[in-house]
Amino acid sequence: MPPSSSFTPARDPQIRAVQIRARNWGWRHAGRHNQAVSGLDLQIEPGERVLLLGASGAGKSTLVHALAGVLGDAEDGDETGSLLVDGRRAAEARGRVGLVLQDPDSQVVLARVGDDVAFGCENLAVPRAEIWPRVRRALAEVGLNLPLDHPTGGLSGGQKQRLALAGVLAMQPGLLLLDEPTANLDPGGVIDVRDAVVRSLDHSEATLVVIEHRVEVWQDVVDRVIVLDPAGGVLADGATREILSSQGERLAQAGVWVPALPPRFPTRHPISHRQALLSAEALAVGRVPFGRRTASVVAEGITLDVCAGTATVVTGPNGAGKSTLALTLAGLLAPAGGTLRASDSFAAGIKPAPHRWRSKQLLTRIGTVFQDPEHQFLAASVRDDLLIGPRALGLSVAEQNIRVDELMHRLRLDHLADANPFTLSGGEKRRMSVATVLATRPRLLVLDEPTFGQDSRTWQELVTFLAELLDEGTALVAVTHDAQFVSALADEEYRLGTPDPIRLPAGAL
Amino acid sequence: MHATTTHLGQPTSERTPRNFRWRVVDIVVASVIGVASGVIFWAWGLAWSPLSAILAFTPGLEGLLAGGWLFAGVLGGLIIRKPGAALYTEVVAAVVSMLIGTQWGFSTLIWGIVEGLGAEIVLALFLYANWRLGVALLAGAGAGVAVGLLDTTFTSYAALDFGYKAVYFVSAVVSGTVLAGLLSWLTVRGLARTGALGRFASGREGSRAPSAALS
Amino acid sequence: MSLLTPTIRPSVVARLNPVAKLAVALTVSCALLLSIDWVSAGVALLLEAVLLLWCGLSARQFWLRTAPVWIAAPMASITTILYGEDSGTLLWQFGFISVTEGSVQLGLAIGLRVLAIGLPGIVLLATTDPTDLADGLAQVLRLPSRFVLGGLAGLRLVGMFIEDWQSLTLARRARGVGDGGGVRGAARRFFGPAFSLLVISVRRGSKLATAMEARGFGSDEPRTWARPSRVGAADAVLVGIGFAIAGIAIGVAVSAEAWSFILA
């Protein structure tokens, strides 16, 4: 099939924007005790662009899912009041509403780009002759200039989100709903998705409702902000500027990234003597693909030292090999070339190559926090999970409990001690994954995208906590896209992806 | 056009409306379980040759390995709790293991259908209303009976003496009960505790702690 | 994921309708399952070998993908020779093991049968794209589209398993449980990540279901198909060949008086 051409279509007369009306609307999920949303009264006119904010638990996601008609029927929960989309119930208005969700991987339906975009049209019984022109137009609108048989598996997060958006736009909806569409994306992907949405809205003039805790991205796109109250109903509703200034403080407390109220950077008290822990010489990193013998190198020529009490930050574009480098430094992947040596005091009596260390030997030396906290969960309760590290070290039961209690207190996880790790919120999962790693008191902490998708409150806590660790003498290596994180904590920055990786002491940017 | 109104604040007793129509989430999750099981089936099939050689000192004992191909149906049935779930999941798993490549080729599909039916019939006998451990074990045993009959009639085991065929049949049923019945039931319980089954009745029984699925 | 998504070279076989391929493999398998004798299996295998020359797989791909069959066939053969039903002159005895003329014949039959059933199935499906198969099942066989497409979507999610598995294994190494522990440790290293993988995929499946519903999937209203699945003359020829192979194999076996009907 020929690649989609990139042309910009004129304003589409076929799409009618949708009006939303809620009267005392409420929803309770089956199996939960509390109402997710209650007593909601609001009206959104056709063509309006609304940003939906509120503390977690306020019911934003539930409202958006209800508007898309995907909450379910009596089996899934109880509805009260009325929620009408263009005068009809949402479930009967399928095809008029498009929904884009947060996780890029969970929205790809089919294996080829063209097929995936055509999926929505097929479901709406659009005649075949009309489907493929719509597909090409939608792909052009979101800026994905890929051939129609391009596999969907190899796309980046930003591309997958734009693919999902194209799939929705091909249905020509009158209402576009976005549930944290850029939360799991790198800065470049965020801009791509935002621009794609703006382009499509300029053509269709559909109604927009977007949930995002990164206000800066959307504040110039939307004209109205609605803040939901966790206790029920609407807390505030009005023009963007007004609401952000009157509710700014409260929103920032709730974790929203309000542009006028940036998070505070912690003050550092760096230690004086910085012992070297790891040193890499002309290190090449890569992974061994499934079924092969040799690694495919993604980055080479890396020379750096990791010292106690310093934060080294690894930055660079997607695909440059940042995660692979982090995992290699953490001793989880073998170097593909060059050398990586631990200093004598760090190795403390065992071989100098971290990837040859046994699992238990890694525990007290290097702790790794993965990008997806769920990959680290081992036990059925938070407390049991935290105990695993100390137990593997062979500490006495009393000592194990002391350490775990102290950590849970320091990271505010006490009330979650018996909860199953998978049921925690995003911020709680992140805190827990950091706690599990610290239970064995490693001297080096390696973090892969620690602030990914976090709200401002969790971000603040994490950065403050990491600063404390640094001041206590722990070394830090962090892979990140987050420029604020770099400004707040980095002592050294290592930038991959440039021909000769640059090593900048932070502040020289 | 308005939804039915209920009173807010009333204690929520789970009056599960018994709806036997499959929702989209039922189909997709059953498929995911089926496909994941299919990959495990394929791996089990690879391990089967050496393992059965070890067990071959008494011919027929290889039946103990049969349960490794039976758990998909019981698992799917216990999670989805709708008519056809066990059959569908087992068939999907069989098809996937076939797609990847097993030595049994197309007979994998036929076996999958019959094995799925074995579990499905048991669940149907309980009117798709009872999901306790006993029923899970029986469903696993049902699948074991199905595969026992199939194997001792149509495969190379049909060429064995009657005594060995009996050994095979009995060990297949035992394997089904333990590997397919017990293991599946434990897995579903573990899954429910992680909150992954929030959209299923199997995930909501006895759940008290609010989990953060949608806010 | 290379295991599930085949490497398809443009070839006659790749352009055939997947449903036709399904029908052929099913026909031949059913025919061969009805009897255990080396004549029908051998004849079928010979005829299939001729067909397989046009399968469109490279030599390396072919041997790689059919490897399980080549390993399994001799093993099944040997097991039957050693433990199979005895008849005819006794050749060797040791404990439970008894090798007789009859069991040797059976062993040969079983081995050929495994090959004859296994090879075409693998090859035909290795040249089929799962999406095309789903299209065929829903449009040609008229299976309910909700189930066919839901199944296809689930298939896609599993493609991410390998990366997740690698990540889960690395995470366990970082947590101190990546090695050691003996047999229990090894068992935990399998069942632990397997369970986590199950949790993650059920979650992803639930989210994918929501996304699919949001795109209008799941209602009973009729849907259209962007990719038509057509059955043509070539497909009819293929199905005919399938029946021919089955028929010839059975016919030759019956006329050679080697046919032994299983259910008799």
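Reader: How many bridges join strand β11 of chain A to β14(A)?

Author: Strands of a sheet pair through backbone hydrogen bonds, and the pairing is either parallel or antiparallel. In this predicted model, five bridges join β11(A), residues 276-287, to β14(A), and the two strands run antiparallel. One of the partners can be named: Ala284(A) has Gly337(A) as its bridge partner in β14(A).

Reader: In what order do the strands of this sheet lie?

Author: The order is β12-β11-β14 in chain A, an open sheet of three strands with antiparallel pairing. The edges are β12 (296-307) and β14 (337-342), each of which pairs on one side only. On average, neighbouring strands of this sheet are turned by 15 degrees against each other, with direction ignored.

Reader: Which helix lies across β11, β12 and β14 of chain A?

Author: That is helix α8 of chain A, residues 322-329, which runs at about 130 degrees to β11(A).

Reader: How many of the eight residues of α8(A) are buried?

Author: An α-helix has 3.6 residues a turn, so residues three or four places apart point the same way. In α8(A), seven of the eight residues are buried, so this helix is largely enclosed by the rest of the structure. The buried ones are Lys322(A), Thr324(A), Leu325(A), Ala326(A), Leu327(A), Thr328(A) and Leu329(A). Just after the helix, Gly331(A) takes a positive phi of about 80 degrees.

Reader: Where is Trp132(A), and is this residue buried or exposed?

Author: Trp132(A) sits in helix α3 of chain A, which covers residues 128-142. Its relative accessibility is 12%, so Trp132(A) counts as buried. For a sense of distance within the chain, the C-alpha atoms of Trp132(A) and Arg443(A) are separated by 57 Å, with the two positions 311 residues apart along the chain.

Reader: Turning to charges, how many salt bridges are there over all chains?

Author: Side chains of opposite charge can pair when their charged atoms come close. Over all chains the count comes to 40 salt bridges. One of them joins Asp78(A) and Arg28(A), at 2.5 Å from N to O. Asp78(A) is in strand β4 (residues 77-85) and Arg28(A) in strand β1 (residues 20-29), both of chain A, so the pair ties together parts that are 50 residues apart in sequence. Both residues are buried.

Reader: How many residues does each of chain C and chain A give to their contact?

Author: Chain C gives 49 residues and chain A gives 62. The size of an interface is often given as the accessible area lost when the parts come together. Between chain C and chain A about 4900 Å² is buried, and carbon and sulfur atoms give 53% of that area. On the chain C side, Arg173(C), Arg175(C) and Arg215(C) lose the most area to chain A, together 20% of what that side buries.

Reader: What is the count of salt bridges between chain C and chain A?

Author: The count is nine. In one of them, Arg112(A) pairs with Asp129(C), and the closest N and O atoms are 3.9 Å apart. Arg112(A) counts as partly exposed, because its relative accessibility is 21% and the cut-off for buried is under 20%. Asp129(C) falls on the other side of that cut-off: its relative accessible area is 18%, so Asp129(C) is buried.

Reader: Which residue of chain C forms a salt bridge with Asp115(A)?

Author: The partner is Arg227(C), with the closest N and O atoms 3.1 Å apart. Asp115(A) lies in helix α2 of chain A, and Arg227(C) in the loop between α9 (182-214) and α10 (233-255) of chain C, so the pair joins two chains. Asp115(A) and Arg227(C) are both buried.

Reader: Which residues are linked with these in a network of salt bridges?

Author: From chain A the network takes in Arg112(A), Asp115(A) and Glu122(A). From chain C come Asp129(C), Asp132(C), Asp135(C), Arg223(C) and Arg227(C).

Reader: That leaves chain B. What does its secondary structure come to?

Author: Chain B has six helices and zero strands, so the pattern along the sequence reads α-α-α-α-α-α. Of its 215 residues, 58% are buried. Among contacts in chain B between residues at least 6 apart in sequence, 74% join residues at least 24 apart. The accessible surface of chain B is about 8400 Å², and 70% of that surface belongs to carbon and sulfur atoms.

Technical notes. Residues are numbered from 1 along each chain as its sequence is written. Chains are lettered from A and ligands numbered from 1 in the order in which they are written. Side-chain values use heavy atoms; hydrogens and water are left out. Helices (H or I, at least four residues) and strands (E, at least two) are DSSP runs, numbered from the N terminus. Buried means under 20% relative accessible area, exposed over 50%, partly exposed in between (1.4 Å probe, protein chains only). Contact means heavy atoms within 4.5 Å. Accessible areas come from the Shrake-Rupley method with a 1.4 Å probe; for residues, only the protein chains shown count as cover. Two strands pair if DSSP finds at least two bridges between them. Axes are lines fitted to C-alpha atoms, for helices over the stretch in contact, and angles run from 0 to 180 degrees between N-to-C directions. Buried area is the accessible area (1.4 Å probe) that two parts lose on being put together, summed over both. A salt bridge is a side-chain nitrogen of Lys or Arg within 4 Å of a carboxyl oxygen of Asp or Glu.
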